[in-house]
Amino acid sequence: MPDFAEIVQTTVNGLASGSIFALGAIGLSLVYGILKLVNFAHGDFMTLGGYAAFVVVASAGLSLVVGIVAAMVIVAALGLLLEKGVWRPMRLRGAGIMQLLLMSLGLAFVLRNLIQFFWRGDRRDLLSDEGELVLLPFFDGAAISPFDTWRVTDDINLGYIKIMVMIGAGIALVAVALMLRFTTLGKTMRALSDSVELAEISGINTRRVITWTWVLAGSLAGLAGVFAAVFTSLSPDTGWFLLLGIFAAVVLGSILSTITSVLNSSATLFSLGVYQKVIKPDASHHELVRSGRICSAIVMVGAVAFGPLIFLKVEG
């Protein structure tokens, strides 16, 4: 029976892991809610973000903040490029959900193999030559080691990297929720998620909203990819392994409203991360991936089975 300190320790680890899932889930949920596009390439967007940060941080020797900005910009630019070159022309030609889904699946394989071609299949991290993670530019002392911890009590030590991931993801999630609730852009996004035709009739510039949707989804995917690389390590399959858990949150969240989807996706994946770490904290990476997939499948089945009842209750 684990003691209180072990429960706290593993719960924090699970929350940090779930934060990465939640960031990916929000971007995927926005694209699906507004464009009705099931983007199987979203996990590879996250992987690309991680490798963009790797080039900036580990190869060029710059700070993590610069790497995060570069990852968010690069992945957002890729999203815009694909929207203008692939998704928009296909929508204009009347492509349905299934056709777009198959295209996104093919795109996922293309991106993954391109990443493997350029960076091979070796696992990588964002540490400097000194084995530290440089956080801020122009500050020599702004670096932490993966082994640096905050000693809460004699038995509880929280890793600085895990705390950083949770705080960064929490700020991003709250910012997205506030944006959807209070800003003009958020309100137009919610209008498009209800009905694109009605939004166009009411005078909303749908092309502009779709552009910002891809910018936001790509930025969140890039950020999630960087946090995944910081939290564990990086390989061409990193985003693919995270994708099923992300889909679990999106399926459950899409049953409810847009804002509820943000909060629900976060809560679902936080729980998944806690499950992975608390149930079997000594498990190997592959065992955690397998248990996460089982948990995701349970969540998805539960969403399909009980989602309509939850929806009716919320609407009533």
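Let's start with R88, which has a relative accessibility of 14% and so counts as buried, since the cut-off for that word is under 20%. Please keep in mind throughout that we are looking at a predicted model.

What does R88 pair with? It forms a salt bridge with E83, and the closest N and O atoms of the two are 3.5 Å apart. E83 is buried too, with a relative accessible area of 1%. Now, E83 has another partner: R91 also forms a salt bridge with E83, and here the closest N and O atoms are 2.6 Å apart. R91 has 28% relative accessibility, so it counts as partly exposed. Through these shared partners, the salt bridges join E83, R88 and R91 into one network.

As a general reminder, side chains of opposite charge can pair when their charged atoms come close.

How many salt bridges are there in this model? The count comes to 3. Let me show you the one between R112 and D44, where the closest N and O atoms are 3.0 Å apart. R112 belongs to helix α4 and D44 to helix α2, so this pair ties together parts that are 68 residues apart in sequence. Buried or exposed? Both R112 and D44 are buried.

That brings us to helix α2 itself, which runs over residues 42-59. With 18 residues at 1.5 Å a residue, α2 should span 26 Å, and the C-alpha atoms at its ends are 25 Å apart, which agrees. Of those 18 residues, 15 are buried, so α2 is largely enclosed by the rest of the structure. One of the residues in α2 is V56, and its relative accessibility of 14% means that it counts as buried. Have a look at V56 together with G67: they are 11 residues apart in sequence, and their C-alpha atoms are 5.3 Å apart in space. Before we leave this region, notice G61, just after α2, which takes a positive phi of about 75°.

Let's go back to helix α4, which covers residues 97-119 and contains L114. L114 has a relative accessibility of 42%, so we call it partly exposed. Which residues join L114 in a nonpolar surface patch? They are V110, F117 and F118, and together the four make a patch of about 430 Å². If you have the structure open, please find those side chains on the surface.

Next, the inside. How many cavities of 30 Å³ or more does the structure hold? There is 1. The largest cavity has a volume of about 30 Å³. Its lining is made by L35, L37, W87, R91 and L100. You will recognise R91 from the start of the talk, where it formed a salt bridge with E83; here R91 is one of the lining residues.

My last stop is helix α8, residues 206-231. This helix has 26 residues and reaches 37 Å from its first C-alpha to its last, close to the 38 Å expected at 1.5 Å a residue. Is α8 mostly covered or mostly open? What we find is that 20 of its 26 residues are buried, so to speak of it as mostly covered is fair.

To pull the threads together: E83, R88 and R91 form one salt-bridge network, R112 and D44 link helix α4 with helix α2, and V110, L114, F117 and F118 make a nonpolar patch on the surface. Thanks for listening, everyone!

Key: Residues numbered from 1 in each chain as written. Predicted model: local features only at pLDDT ≥ 70, side-chain atom pairs only at ≥ 80, totals over all residues. Heavy atoms only, no water. Patch = residues over 30% accessible without salt bridge, like charges linked within 9 Å, V, L, I, M, F, W, Y side chains within 5 Å. Areas by Shrake-Rupley, 256 points an atom, 1.4 Å probe, with all protein chains shown as cover. Helix = DSSP H or I, 4+ residues; strand = E, 2+ residues; numbered from the N terminus. Buried < 20%, exposed > 50% of the residue type's maximum accessible area, 1.4 Å probe, protein only. Expected span 1.5 Å × (residues − 1). 1 Å grid on protein atoms, 1.4 Å probe; cavity = no way out; pocket = protein on both sides within 12 Å on 5 of 7 lines; lining within 4 Å. Points joined across faces, edges and corners; volume = space filled by probe spheres on them.
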